[in-house]
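Take a first walk through this protein model. Keep the sequence and the 3D view side by side as you read.

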Amino acid sequence: MIDLVGVSKIYQIGLVEVRALDDVQLHVDDGEFVVVLGPSGSGKTTLLNIIGALDTPTAGSVSVGGQDITGASRSDLFALRRQTVSFIFQSFNLFPGLTALENVEFGIDVAGKRGLTAPEAVLDSVGLGDRISHFPHELSGGEQQRVAIARALATGNPVLLADEPTGELDFRTGAQILELLIEQATGDRAVLVVTHNREISRIADRVVEMSSGRVVSDGPPEGGKTPLSELRW
Ligand SMILES: Nc1ncnc2c1ncn2[C@@H]1O[C@H](COP(=O)(O)OP(=O)(O)OP(=O)(O)O)[C@@H](O)[C@H]1O
Ligand SMILES: [Mg+2]
């Protein structure tokens with residue numbers, strides 16, 4: 001589903017070179033759930049943006065959903081952003097003037113899937129069946145993030161990318177959101193979640209750890225996968 005081979009990203013600021021990604025290899029299969037863990041500045045957002053075709057690598061090759069995007073045209077990249085990847089952000093990014101239902105409908109429209117997905121059913125699946133007419137300011141942080149997840153799921157796009165989706169939530173709510181995202185990695189849908197919170201990453205099957213733009217480890221969390229109920233807070 002996702003393949004990065006020898007991917008580097010260098011930002012040139014005046015005379016200073018910043019190596020945001022340094023020879024990254026990453027393979028993610030259909031149905032897989034991956035947590036990307038690393039400190040601030042380690043390259044996590046750069047990695048997601050490159051996978052989501054919001055940024056281009058300086059070197060290496062990237063393929064997403066079976067499509068090599070390294071040399072793709074602008075129109076191919078536009079289609080990929082609408083129909084292959086969906087983003088979930090730290091700050092939810094909901095439209096404040098739209099209800100939960102309308103926010104999800106908007107996502108469906110952008111992906112060109114109107115009529116193919118019932119937005120009410122998707123909101124129900126994230127536990128918000130009784131909140132569909134609420135505006136974002138009438139929802140808790142965890143509920144707003146659920147709407148954002150529903151909006152991403154409703155597109156039916158096979159790659160779900162979430163950048164610090166738990167950053168603005170308390171620890172327990174954050175872990176619940178991460179667990180909800182884990183459940184979404186089924187069938188052909190792959191899910192990548194960025195966090196700097198090592199404790200939260202313990203509930204994942206697979207953790208890709210980054211440091212200074214490099215992948216320094218890739219495997220089960222230290223101490224093995226831990227149930228949500230056993231996390232410390
Ligand atoms: N547009 C840019 N121009 C120059 N340098 C950049 C740019 N974007 C990111 N960087 C640099 O690349 C490195 C990686 O940044 P990135 O945003 O990917 O880190 P991150 O792991 O997401 O950090 P955080 O946890 O703080 O969000 C940092 O040193 C950052 O300063
Ligand atoms: Mg970041």
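What follows moves from the surface patches to the salt bridges, and then to a lysine and its surroundings.

The model is predicted. Keep that in mind at each stop.

Start on the surface. Y11, I13, V16 and V18 make a nonpolar patch there, with an area of about 350 Å². Two strands, β1 (2-13) and β2 (16-28), each give two or more residues to this nonpolar patch. V16, for one, sits in strand β2.

The surface also carries charge. D3, D29, D30 and D188 form a negative patch. Find D188 in the loop that runs between α6 (171-183) and β8 (190-195). Its relative accessible area is 48%. Because buried means under 20% and exposed means over 50%, D188 counts as partly exposed. Remember D188, for that residue returns below.

Now turn to the pairs of opposite charge. Searching the whole structure gives 11 salt bridges. One of them links E32 and R206, whose closest N and O atoms are 2.9 Å apart. Where do E32 and R206 lie? E32 is in the loop between β2 and β3 (33-37). R206 is in the loop between α7 (198-201) and β9 (207-211). The pair therefore ties together parts that are 174 residues apart in sequence.

Look at R206 itself. With a relative accessible area of 12%, R206 is buried, because the limit for that word is under 20%. R206 has another partner, D218. In this salt bridge the closest N and O atoms are 2.8 Å apart. D218 belongs to strand β10 (residues 214-219), while R206 is in the loop between α7 and β9, so this pair ties together parts that are 12 residues apart in sequence. D218 has 41% relative accessibility and counts as partly exposed. Elsewhere, R19, D22 and R214 are joined into one network by salt bridges that share partners.

A further salt bridge pairs E199 with R202. Here the closest N and O atoms are 2.9 Å apart. Are E199 and R202 buried or exposed? Both are buried.

Next comes a charge without such a partner. K113 lies in the loop between α3 (100-110) and α4 (119-125). K113 is buried, yet has no salt bridge. Which side chain of opposite charge is nearest to K113? The answer is D188, the residue from the negative patch. D188 is 9.8 Å away from K113. A salt bridge needs a side-chain nitrogen within 4 Å of a carboxyl oxygen.

What does K113 touch, then, beyond residues up to four places away in sequence? The contacts are I108, T155, G156 and N157.

Follow one of these contacts, T155. T155 is in the loop between α5 (141-154) and β7 (159-163). At 7% relative accessibility, T155 is buried, because that value is under 20%. Setting aside neighbours within four places in sequence, T155 contacts S86, G107, A111 and K113. Compare T155 with E105 as well. The two are 50 residues apart in sequence, and their C-alpha atoms are 9.2 Å apart in space.

The walk ends here, at T155, a residue in contact with K113.

How values were computed. Residues are numbered from 1 along each chain as its sequence is written. Chains are lettered from A and ligands numbered from 1 in the order in which they are written. This is a predicted model: local features need pLDDT of at least 70, side-chain atom pairs count only at pLDDT 80 or more; totals for chains, interfaces and linings use all residues. Side-chain values use heavy atoms; hydrogens and water are left out. Patches are made of residues with over 30% relative accessible area and no salt bridge: like charges are joined within 9 Å, nonpolar side chains (Val, Leu, Ile, Met, Phe, Trp, Tyr) within 5 Å. Accessible areas come from the Shrake-Rupley method with a 1.4 Å probe; for residues, only the protein chains shown count as cover. Lys and Arg count as positive and Asp and Glu as negative; His and the chain ends are not counted. The place of a charge is taken as NZ of Lys, CZ of Arg, CG of Asp or CD of Glu. Helices (H or I, at least four residues) and strands (E, at least two) are DSSP runs, numbered from the N terminus. Buried means under 20% relative accessible area, exposed over 50%, partly exposed in between (1.4 Å probe, protein chains only). Contact means heavy atoms within 4.5 Å.
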